[in-house]
Amino acid sequence: MLIKAPAKINLALHVTGQRADGYHVLDSLVVFTGFGDDLTFTLAEIDTLIIDGPFAASLHDSKSNLVMQAMTLLRASASGHPCLPVDIRLTKNLPVASGIGGGSSDAAATLRGLCQLWSLPYSLSELQALGATLGADVPMCLAGKPLRATGIGDEIVLFSAFPALDLVVVNPGVEISTPEIFKALTKKDNRPMSSKSNLTSFHAVSEFLSAQHNDLQRPAIALQPVIADCLSVLQDKGAMLVRMSGSGATCFGLFTNPAMAARAAQSIRAAHPNWFAVATKTGAA
């Protein structure tokens, strides 16, 4: 059984406050791409996790991986159901610690895949409640559709209509600590995103996003100036809008058509062979 774990892209990310427990309050527009990690599930004699793919070396301890944590959590919650041992192969196509929710998406894919494999009668909302204990991004990754996330990322509203977007995702090969970025953020009570519901075309989305931002982008650039280079390169390749996703260092550029996106990604890979660059399309609502 093959389950996709798509990259999560924060098209906009506003930090609007900080709770007493230290968690930051966010307002974010989130989409998911066709490109991501792959997870294969096979019934086996013992539980195993094999990690391969271009970014496998970045994951040092498979036992602490969110995939294994998700499997352990789901099995513990499904008492009375036969949850046979599983061999899981994680093909890590996404950069690690890069602001595109790779680990959370892997955990969400694990919960979905094992529910099918073990024939568990969980609803999406039940899985999201379970997944929230693994991380604030897991519930939105389980939704896997264009959405607006508020609170600490756990309050989710899906868009009833939202277009597929052609974009290029670029990572310069540096990892960024999310806590370090939030620590460097000086202003933590920024305005929320403006409200607009009629985001049904590329033009409408692009226009809306141009009035939004990512509050973590400036402190991330201060820590890793190469992020600014990524944004500049995407701009030079004809992107209609460029921005950093999440806490970085991954950036994206929106393009008006897939051919332009493909040419841009190819050109960036040729000019910067040590960077990760891929053209992809987001899912529509």
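The following paragraphs describe the overall architecture of a predicted model and the surroundings of three of its residues, Asn10, His14 and Lys145.

In this predicted model, the secondary structure of the chain amounts to 9 helices and 10 strands. The radius of gyration is 19 Å, close to the 19 Å that the globule rule gives for 285 residues, so the chain is as compact as a globular protein of that length. Taken along the principal axes, the box filled by the C-alpha atoms is roughly 55 × 45 × 35 Å. Of the 285 residues, 51% are buried, and the accessible surface comes to about 12,300 Å², with carbon and sulfur atoms contributing 55% of that area. Among contacts between residues at least 6 apart in sequence, 75% join residues that are at least 24 apart. As regards the distribution of charge, the chain carries 21 positive and 22 negative charges, and the mean positions of these two sets are 6 Å apart.

Two residues of strand E1, which spans residues 2-18, were examined in turn. Asn10, located in this strand, has a relative accessibility of 5% and therefore counts as buried, the cut-off being under 20%. The side chain of Asn10 reaches the backbone nitrogen of Gly246 at a distance of 3.3 Å, and Gly246 also appears among the contacts of Asn10 when neighbours within four places in sequence are left aside, together with Ser28, Leu29, Val30, Gly99, Met244, Ser245 and Phe252. His14, likewise found in strand E1, is buried, with a relative accessible area of 0%. A polar atom of the His14 side chain lies 3.2 Å from the backbone nitrogen of His213. Not counting residues up to four places away in sequence, His14 touches Val25, Leu26 and Asp27, as well as Arg191, Pro192, Met193, Gln212, His213 and Asp215.

Lys145 was considered alongside these two strand residues. The position of Lys145 is in the loop between helix H4, residues 138-143, and strand E5, residues 147-151. With a relative accessible area of 48%, Lys145 is partly exposed, whereas His14 is buried. Once neighbours within four places in sequence are left aside, Lys145 is in contact with Val30, Phe32 and Leu158; Val30 is also one of the residues in contact with Asn10. Lys145 and Leu130 are 15 residues apart along the chain, and a distance of 19 Å separates their C-alpha atoms.

Conventions. Residues are numbered from 1 along each chain as its sequence is written. This is a predicted model: local features need pLDDT of at least 70, side-chain atom pairs count only at pLDDT 80 or more; totals for chains, interfaces and linings use all residues. Side-chain values use heavy atoms; hydrogens and water are left out. Helices (H or I, at least four residues) and strands (E, at least two) are DSSP runs, numbered from the N terminus. The radius of gyration is taken over C-alpha atoms; the globule rule is 2.2 Å times the number of residues to the power 0.38. Buried means under 20% relative accessible area, exposed over 50%, partly exposed in between (1.4 Å probe, protein chains only). Contact means heavy atoms within 4.5 Å. Accessible areas come from the Shrake-Rupley method with a 1.4 Å probe; for residues, only the protein chains shown count as cover. Lys and Arg count as positive and Asp and Glu as negative; His and the chain ends are not counted. The place of a charge is taken as NZ of Lys, CZ of Arg, CG of Asp or CD of Glu. A polar contact is a pair of N or O atoms within 3.5 Å; within protein, one must be able to donate a hydrogen and the other to accept it, and residues adjacent in sequence count only if both atoms are side-chain atoms.
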